[in-house]
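Biologist: I should like to learn how to read the place where two chains meet. May we take one structure and go through it step by step?

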Protein chains: 4
Amino acid sequence: MRSIDLNCDMGESFGAWRMGADTAVMPWITSANVACGFHAGDPMTMLATVRAAADAGVAIGAHIGLPDLAGFGRRVMAVSPAELYAMSVAQLGALTAVARTANLRVGHLKPHGALYHMAEQDPALARAIVDAIRDVDSRVRLVGLAGGALVRAGDRGGLAIAHEAFADRRYLADGRLVPRGQPDAVIEDIDAAVRQAVALAVDGVVTSVDGGTVRVHADTVCVHGDRPDAAAFAQALHDGLHAAGLMLRRCGAEA
Amino acid sequence: MRSIDLNCDMGESFGAWRMGADTAVMPWITSANVACGFHAGDPMTMLATVRAAADAGVAIGAHIGLPDLAGFGRRVMAVSPAELYAMSVAQLGALTAVARTANLRVGHLKPHGALYHMAEQDPALARAIVDAIRDVDSRVRLVGLAGGALVRAGDRGGLAIAHEAFADRRYLADGRLVPRGQPDAVIEDIDAAVRQAVALAVDGVVTSVDGGTVRVHADTVCVHGDRPDAAAFAQALHDGLHAAGLMLRRCGAEA
Amino acid sequence: MRSIDLNCDMGESFGAWRMGADTAVMPWITSANVACGFHAGDPMTMLATVRAAADAGVAIGAHIGLPDLAGFGRRVMAVSPAELYAMSVAQLGALTAVARTANLRVGHLKPHGALYHMAEQDPALARAIVDAIRDVDSRVRLVGLAGGALVRAGDRGGLAIAHEAFADRRYLADGRLVPRGQPDAVIEDIDAAVRQAVALAVDGVVTSVDGGTVRVHADTVCVHGDRPDAAAFAQALHDGLHAAGLMLRRCGAEA
Amino acid sequence: MRSIDLNCDMGESFGAWRMGADTAVMPWITSANVACGFHAGDPMTMLATVRAAADAGVAIGAHIGLPDLAGFGRRVMAVSPAELYAMSVAQLGALTAVARTANLRVGHLKPHGALYHMAEQDPALARAIVDAIRDVDSRVRLVGLAGGALVRAGDRGGLAIAHEAFADRRYLADGRLVPRGQPDAVIEDIDAAVRQAVALAVDGVVTSVDGGTVRVHADTVCVHGDRPDAAAFAQALHDGLHAAGLMLRRCGAEA
């Protein structure tokens, strides 16, 4: 029986500010990417998120970001590989300790926002993330764009990796995502997004914007928690994948 | 042979700003309290500090602080026990991961600045720190004011503790420190400070400001790294304690 | 014809995080207290808030706060009068410049959260705020607790002042507020809150928690924008005060 | 009699961290670029810097930067023109208010670090800075790279401008600076730097790295305050320019 992971960004509140629909989304996913205080999150939020994940049986990962709260980690910043290495270590470590208080361990790491894309573009940054994981806890799985440079760097570095695909983002013919600025970048319709997720999970293919079929290997599908309909979207993905005969479980879980 | 630990606050630089004389002080101490990014320090500084400690054979600890960079953690803030617990976990975790990249482990934890005193005043805050250590890594030794409320809370909570005394601070008749604002709070003269350190380490006594003798049990003596003469001060303490027949080594080190 | 000001805290979003119901509340108030980036707000949010106030014909004021984003300025911090003076100047200045881009001027200043209460307790802090206003723009009106120490300090310092009362907070027999932690601190029922606002605005009295009548002079009534029903609450206050024969306008507006 | 301005970055301390040799440099310069709290500086530091400038008769300007304390504003960040506009307004406003408490006004504005170069590369960012000045205080002079895109944008926008040249940076044949990473980017020798400053101020020329003569119009010469020998450097520039017959005074000062 084939399996797939459903991941969602979680713990993106900060202080008195709320973000996301964590409680409503949590029942439908298998992995939570927890913000670590650099682009979002704070120690209290991290703790609450990890405890909620523990209660729901959801695996957790470190969602590492750029040190830019005001920009939510979405603004490209010229950080050096040495800086990124140190920031990755500190963020992974903070979440590891928080997780330990709930008897969980950090199972994966995924860069957030601008860093997700920077790691695809700059091999030295990808390598800094890989080194950080290897030096802190080499069992942590590296999650990145399916078929992309980051997961390839992780693989070369001896890490477990997970190829991430998107249910609600459209793809170009070469397997890259349609950039967010463009009008057809996001699939608003939930049914269409579920169909794309099923195609990804079952057949390893996606229909590109120009109508062709693109091969995309997906170990995990991202649930965008910042959609207004995030909870319904998560449930529909969960139910649709299940109906298609897939087992939903975190990457690397024993069969 | 009796032993004593010499500790110093380290890694208090931030970004482009330098603070302290870490390199000059490191050879003379046995334990470094490393700032964890809340009141001072940043991931790059933490990493450099841990590597320098590893090179020098100096033990490291988490110097946890209030989230107040602009105030350097010296301004009392009304944080709740729940907030302090979460902040302590995150700071200890960040340093633990940084230490792991240098094959070190965090051996102790000491609150910084205002938090050092808040933990003496408020049992719920002391308890939050104790709980954080116990839930993250119960082998971490808690360092606090000799004979004070924090180390007693740590002892009750089953933690290893270290009583901290000060070579260059004057004591009141009841064993508390003369508050920093007062004119005779600090011992400027290095020789006098060394004599006080030797009396603390060898006989467990200190002469109070009113001339009496006060019993103070000291496991570790603090070297103030923010003195203008910090390096000379550290070396004089090291040499003076050694000349008095003491072995300098980190608390808990096997004989 | 008697007049009253309705003020509400505004511009408390930060970066990607939304807070408050600014757009829905704006039509019903006469003064907006705009966060200045220390406890909440950021330059983009300040600008959007000031522009919205300009469009709605609402007066603006500087809502100055402690430098504690993670705590939303609600945690007491031991800032010195000199620090508070400098922070007040900088916050007032930032909003003054933002206002100028919309052809508005800052008409009032009100401390936020913990600072509101700290300025009541510590005369040196109240004085620091008064001095900051006087040195930057002495036409700025100081808003504080009705009959409290801050407005008295402002009055002594030659500033225009506004006594602030609360529609939805209960009062003690001595005119102080029932502290927030207590069960009967907040008036949840909108009609009851409107009745209290009318009694304050028309007769200058409020019924205290023990049933007595307390004299409270109110120049401005605070609309709590963080109530879940903030917009309905603001409209009900506006309509109720209007129906009671009051003209709603900012403090100091020419008749 | 020809005149030239000597400017230096000032007020770059933050909280407990010191930077620069402000006190030693102040007597020799005519304009201080004061950090406004985004990349460096804080309200207390801004106030102390402005008061020191007032005492020394030195003109002040807003040294605006990216919101990146940890990176000291030296890391390129993908801020939008709208964000930069709002950040420029807020920083200029904060310093304007601080200046008013010392009976000074902000006479110029200069972008710091990465922003200095970003404004040369991206016309929309240059325009955002120009618009911010015009909307807050159109008398504020815009300082930028001599002959560069920023000052040209300021000129087109109707602002007073100042072309900035560097005594201790080497120039390429096309008038641009040798990038900082390169070995010959900085002129370490003070005498050589003074000669370059005199050539700039008297003849409007500089010798490029390949030995040619490049025309560079300089209204103001930058004193790098982060050189270890900053004070001696500033004095040597002051004395050398004076000896060459130049009057040292801020740009725009009446003759």
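Modeller: Let us begin with the contacts, bearing in mind that this is a predicted model. Here 20 residues of chain A are in contact with 20 residues of chain B.

Biologist: How much area do chain A and chain B bury between them?

Modeller: The size of an interface is often given as the accessible area lost when the parts come together. For chain A and chain B the value is about 1,700 Å², with 78% of it on carbon and sulfur atoms. On the side of chain A, the residues that lose the most area to chain B are A:Pro43, A:Met44 and A:Arg100, which together make up 26% of what that side buries.

Biologist: Which elements of chain A give two or more residues to the side that touches chain B?

Modeller: They are helix H2 (43–56), helix H3 (81–101) and helix H5 (123–136) of chain A. The largest share, 13 residues, comes from H3(A).

Biologist: How many salt bridges and polar contacts are there between chain A and chain B?

Modeller: The count of salt bridges is zero, while two residue pairs are in polar contact across this interface.

Biologist: By what turn can chain A be laid on chain B?

Modeller: A turn of 180 degrees, with a shift of 0.0 Å along the axis, lays chain A on chain B with an RMSD of 0.0 Å. The two copies are therefore related as by a two-fold rotation axis. The same surface serves both copies, as 100% of the contact residues of chain A recur in chain B.

Definitions and conventions: Residues are numbered from 1 along each chain as its sequence is written. Chains are lettered from A and ligands numbered from 1 in the order in which they are written. This is a predicted model: local features need pLDDT of at least 70, side-chain atom pairs count only at pLDDT 80 or more; totals for chains, interfaces and linings use all residues. Side-chain values use heavy atoms; hydrogens and water are left out. Copies are superposed by least squares on the C-alpha atoms of residues with pLDDT of at least 70 in both. Contact means heavy atoms within 4.5 Å. Buried area is the accessible area (1.4 Å probe) that two parts lose on being put together, summed over both. A salt bridge is a side-chain nitrogen of Lys or Arg within 4 Å of a carboxyl oxygen of Asp or Glu. A polar contact is a pair of N or O atoms within 3.5 Å; within protein, one must be able to donate a hydrogen and the other to accept it, and residues adjacent in sequence count only if both atoms are side-chain atoms. Helices (H or I, at least four residues) and strands (E, at least two) are DSSP runs, numbered from the N terminus.
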